[in-house]
Every structure is written in C-alpha cells, then in structure tokens.
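Me: I would like to go through how the chains of this model meet, one question at a time, with the reasoning set out before each result.

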Protein chains: 6
Amino acid sequence: MKLSARNQLKGKVIEARKGETTAHVRIDLGNGNVVTASITNEAVDDLALKPGDAVVAIVKASNVMVGK
Amino acid sequence: MKLSARNQLKGKVIEARKGETTAHVRIDLGNGNVVTASITNEAVDDLALKPGDAVVAIVKASNVMVGK
Amino acid sequence: MKLSARNQLKGKVIEARKGETTAHVRIDLGNGNVVTASITNEAVDDLALKPGDAVVAIVKASNVMVGK
Amino acid sequence: MKLSARNQLKGKVIEARKGETTAHVRIDLGNGNVVTASITNEAVDDLALKPGDAVVAIVKASNVMVGK
Amino acid sequence: MKLSARNQLKGKVIEARKGETTAHVRIDLGNGNVVTASITNEAVDDLALKPGDAVVAIVKASNVMVGK
Amino acid sequence: MKLSARNQLKGKVIEARKGETTAHVRIDLGNGNVVTASITNEAVDDLALKPGDAVVAIVKASNVMVGK
C-alpha cells in the first residue's frame, strides 16, 4: 500500500513503552533527530514493536509546524 | 519559549512554495529524511522562510503514526 | 508495510479535485458514509487517484471526535 | 450546532474503554468499517457513551490520509 | 449534538477568506486571543460564515501544544 | 524561536494532571474560555507546569473546526 502522507521518515525504534491505553514509541531518525509517536497499546502489539526495529514515522504535512 | 511537543526536528529549508492560502515547506532533516510542512502563506511571510534557513519541524507525538 | 493507525477504512474514490497546492479526495465508505481527505496535489499524482479506485482512508484514533 | 468538519460518519458504539486519562471508543460504521476514537475519560462521562449508542465519528479532512 | 472535544471556544468571526479549495477563518475569542481555522471552502458555504457570526472554535485536546 | 502556528493563545494553567503516560493540562484563556491540552507526562515535567503559570496554547489552523 502506497500512502498519501508526504512524510515517511525512516528510523529505528529506541523504546516502546506502554501506558494503560496509550503507548509512547521513540524512533531514532539519525542525524541527532528522535521522534516520539504516541499510539495505542494495541498498535504496539499488532506491529510487535521492539527496540532496534526498522520503522517509518508517518506524519501528515498538515500536522507539521515550523519554528525558526 | 519552551514547547511541550516531543518532536522538534532540526533541518534546513529546501523550498517554501506558496499556494493561494496554504504553503508547502520542505525541510531536509539529514540522513535522507525530508519533511514537508503545510502551513499558511502568512506563516511563510512571518518567518521569512527561504531555502537554506535552519529551522525546526515541530510535530505532536499524537500526530505521528508508525509503519513497519 | 503495516500501520499503527487503528482506523483504516475501506472505500472507493468518488472524486479527486486539486486546488493550487491542496487537493480534496472524497471516498465512499458504503452505508451512506463518505469521507473527504485533504491531501497534497503531489500525493494525488503519486497515487494516481481517480474515481472508482479502491482505497483506504487512514485516520489516527487521536484525531477522531465523537458526537452524540 | 452545525460543524465545518466534512467527515461526520454515523455509527454505533461497540465499546468505550477508559484508561487513566484517555479512553478508546470503538464505533461500528457498518460495511465492515470500524473507527476507534481516542478521547478523554471526561468526554466519555459527559456523553454517557455506552455500547449500542448511535453516535457520529467526526474527523477533519486534513487529518485523513489515503492509502492505495 | 454534544461533542467529545474538550475545547469549544466561543468567539466571533472576524474574517472568512476562501482560497481555491481551503479557506481561513479568523475568530476573535476575546481577551486578545484570535484563532484561525483552516477549513474547506464548502464548509464556509455550508455554515454561511461571515464577519460578526457567533461561532465555536473546536479543537481536540490532543492537538493542543503548550509553550512556556 | 518564532512559530508558524497561527494560533498562540495566552492563558494561565489551571491544572496539570498526569496519567500513566499522557497528561491533561487545563489553561484559562480568559473571557470564559478554557483549553485542555493533552500532552506527554515528560512535557509536563520538562516545562515544570503548575497552576498559575503563564503559558501559550498552540494549535495549528488545520486542527481547528468551526461550529455555528
């Protein structure tokens, strides 16, 4: 499946930490940039996310702000 | 000002292209990762965004999906 | 690629209409439900979206409100 | 009140499960499509959401991606 | 219809300006706070938005950042 | 740092309540308007958010709906 999202950033999972319903997954994009994704616990299980996994962080262009 | 957003990715503006009301700004994060931000034309003017500018792409953790 | 997004709704493209930078794509989910996605023009070209295409409308759970 | 959101999908609550601060509500849209909304626990109480309730899942067009 | 969104801010439309597909609506919340909503042109027509209208700006809690 | 986000609403923290991974911060904007931000627990610690703090609620224009 091809996605409309312009932003598909390649990285590696550093940590996948579950809460009661929501999990936080930290992804190293290289070059000093780390992305945190807050996703459901179910999604962590579904994708069997664990440290070291090669993943893609996906973000809609309309959800990106710019700071300068 | 310090921000609550977990994701503040450092990069350089590649292109800031305005539409009629909405602009698309492409930011090189290094390591082969490029982020597109869709922001208002007014924001492009306000921040005087132009190619080569050092900027920060800001995304809430709740707006990041993971693909594997 | 498997996605963390809980919401992957199957439907058919009704219309993909481009603006100057942003396009609106209407997707029929059946059962009287139609979803509009606002995506970049580039994404419409990339996915070669046209009426009748079988597609998936993807939405993060954190971007869904409930009305009752 | 009339809403600007293009996407107001009619369905029935399957489950409203609370976490410590955030709840996940699953809504059956018919035609095999199910939407999960992640909303605050307070909202679940406010709307008194329970299985079988007729509800509307509301999503901004800018928060919908397309996969093909 | 009652909404799950925690943030329903009362204000008055200052301006509703259409682009080719996307419109920007500025809403005065009082107390020096102005909110801009970027919505579809169709929504502007549907709600017949015009300066002076009493409206509600609706935002999911998960889409609000905090700066300090 | 200057932000592209059109919506930077000034207010005071009423309450910052942590969950297991996600916190809810309520901000008084004056004029009867209160905004709830759902942010990570880490962000609450990072910004040392506490009642009475002068803060800014930041929202992208594309994440604001209008009700009338």
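Reply: A salt bridge is taken here as a side-chain nitrogen of Lys or Arg within 4 Å of a carboxyl oxygen of Asp or Glu. The model is a predicted one.

Me: How many salt bridges does the rule find across the interface of chain B and chain A?
Reply: One pair that meets the rule is B:Lys68 with A:Asp53, whose closest N and O atoms are 2.9 Å apart, and the cut-off is 4 Å. Across the interface of chain B and chain A, the number of salt bridges found by the rule is two.

Me: Which element gives the largest share of the side of chain B that touches chain A?
Reply: Besides these salt bridges, 18 residue pairs, both at pLDDT 80 or more, are in polar contact across the interface of chain B and chain A. The elements of chain B that give two or more residues to the side touching chain A are strands S1 (7-18), S2 (22-30), S3 (33-40), S4 (54-59) and S5 (65-67). By class, that side has 20 nonpolar, ten polar and five charged residues. The largest share of it, seven residues, comes from S3(B).

Me: What is the area buried between chain B and chain A?
Reply: The contact involves 35 residues of chain B and 35 residues of chain A. In chain B, the residues that lose the most area to chain A are B:Asn33, B:Val66 and B:Lys68, which together account for 22% of what that side buries. Carbon and sulfur atoms give 57% of the area buried between the two chains, which is about 2900 Å².

Me: Which residue in S5(B) stands opposite A:Ile58?
Reply: Strand S4 of chain A, residues 54-59, is joined to S5(B) by three bridges, and the two strands run antiparallel. Opposite A:Ile58, in S5(B), stands B:Met65.

Me: As by what kind of axis are the two copies, chain A and chain B, related?
Reply: A turn of 180° with a shift of 0.0 Å along the axis lays chain B on chain A with an RMSD of 0.0 Å. The two copies are thus related as by a two-fold rotation axis. Of the interface residues of chain B, 100% are also interface residues in chain A, so the copies meet through the same surface. The relation is therefore as by a two-fold rotation axis.

Me: Over all chains, with which residue do the side chains of C:Glu15 meet in a salt bridge?
Reply: A search of the whole structure finds 42 salt bridges over all chains. The pair in question links distant parts of the chain, from strand S1 (residues 7-18) to strand S2 (residues 22-30) of chain C, eleven residues apart. At 3.4 Å, N to O, the partner of C:Glu15 is C:Arg26.

Definitions and conventions
Residues numbered from 1 in each chain as written. Chains lettered and ligands numbered in written order. Predicted model: local features only at pLDDT ≥ 70, side-chain atom pairs only at ≥ 80, totals over all residues. Heavy atoms only, no water. Least-squares fit on C-alpha atoms with pLDDT ≥ 70 in both. Contact = heavy atoms within 4.5 Å. Buried area = accessible area lost by both parts, 1.4 Å probe. Polar contact = N/O pair within 3.5 Å; in protein donor to acceptor, adjacent residues only side chain to side chain. Helix = DSSP H or I, 4+ residues; strand = E, 2+ residues; numbered from the N terminus. Nonpolar A, V, L, I, M, F, W, Y, C, P; charged D, E, K, R; others polar. Pairing = 2+ DSSP bridges.
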